[in-house]
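Here's a quick tour for anyone opening this structure for the first time. Have a look at it, then read on.

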Amino acid sequence: MKLQINDYCIRCGICEDVYPDIFKRNYETHNIDVLFDEIPEDKQERAEQAAADCAVAAIKIIR
Ligand code: SF4
């Protein structure tokens, strides 16, 4: 499983606040970075929850 942040992310930062083990704000690009290329198995459930939590559905799951 991979995660992709779409361009229409409003950079609210909630994903980083709630799931700091998966997301990190990049202060140079002002984007949200996903910390993993392949999401580790033990974080996949949280990654799915993060995608469901995003208010603008900007977190795309790629399987
Ligand atoms: S929760 Fe969604 S809109 Fe907010 S920063 Fe994360 S990906 Fe972007």
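## Ground rules

Helices (H or I, at least four residues) and strands (E, at least two) are DSSP runs, numbered from the N terminus. Residue numbers start from 1 along each chain, following the sequence as written. What you're looking at is a predicted model, where local features need pLDDT of at least 70, side-chain atom pairs count only at pLDDT 80 or more, and totals for chains, interfaces and linings use all residues.

## The overall picture

The chain has two helices and four strands, and going along the sequence they come in the pattern β-α-β-β-α-β. Its C-alpha atoms fill a box of roughly 30 × 20 × 20 Å, taken along the principal axes.

How does the radius of gyration compare with that of a compact globule? For 63 residues, a compact globule would come out near 11 Å, and the chain has 10 Å, which agrees. The radius is taken over C-alpha atoms, and the globule rule is 2.2 Å times the number of residues to the power 0.38.

Two residues are in contact if their C-beta atoms, placed from the backbone, lie within 7 Å. Looking at contacts between residues at least 6 apart in sequence, 60% join residues at least 24 apart.

## Inside the chain

A residue is called buried if 20 or more other C-beta atoms lie within 10 Å of its own, exposed if 12 or fewer, and partly exposed in between, with C-beta atoms placed from the backbone. By that count, buried residues make up 14% of the 63 residues.

A nonpolar core is a set of buried Ala, Val, Leu, Ile, Met, Phe, Trp, Tyr and Cys residues joined through C-beta atoms within 7 Å. The largest one here has nine residues: Leu 3, Cys 15, Ile 22, Phe 23, Ile 32, Ile 39, Ala 47, Ala 50 and Ile 59. In soluble globular proteins, nonpolar side chains tend to be buried together. Leaving out residues up to four places away in sequence, Ile 22 touches Val 34, Leu 35, Lys 43, Arg 46, Ala 47 and Ala 50.

## Around the ligand

Which residues are closest to the ligand? They are Cys 9, Cys 12, Cys 15, Cys 54 and Ala 58, out of 13 that surround the ligand. To be near it, a residue needs its C-beta atom, placed from the backbone, within 6 Å.

By class, this shell has 11 nonpolar, one polar and one charged residues. For that tally, Ala, Val, Leu, Ile, Met, Phe, Trp, Tyr, Cys and Pro count as nonpolar, Asp, Glu, Lys and Arg as charged, and the others, Gly among them, as polar.

## Helix α1 and the loop before it

Ile 10 sits in the loop between β1 and α1. With 10 C-beta neighbours inside 10 Å, Ile 10 counts as exposed. Its C-alpha is 12 Å from that of Arg 25, which is 15 residues away in sequence.

Helix α1 covers residues 14-18 and includes Asp 17. Asp 17 is exposed because it has 10 other C-beta atoms within 10 Å. Val 18 is also found in helix α1, but Val 18 is partly exposed, with 14 such neighbours within 10 Å. From Val 18 to Arg 46, the C-alpha atoms are 9.7 Å apart, with their positions 28 residues apart along the chain.

## Two unusual phi angles

Most residues other than glycine have a negative phi. Arg 11 has a positive one, near 55 degrees. This residue is in the loop between β1 (2-5) and α1, and Arg 11 is partly exposed, with 13 other C-beta atoms within 10 Å.

Ala 57 has a positive phi too, about 55 degrees. Its place is the loop between α2 (44-53) and β4 (59-62), where Ala 57 is exposed, with 12 other C-beta atoms within 10 Å.
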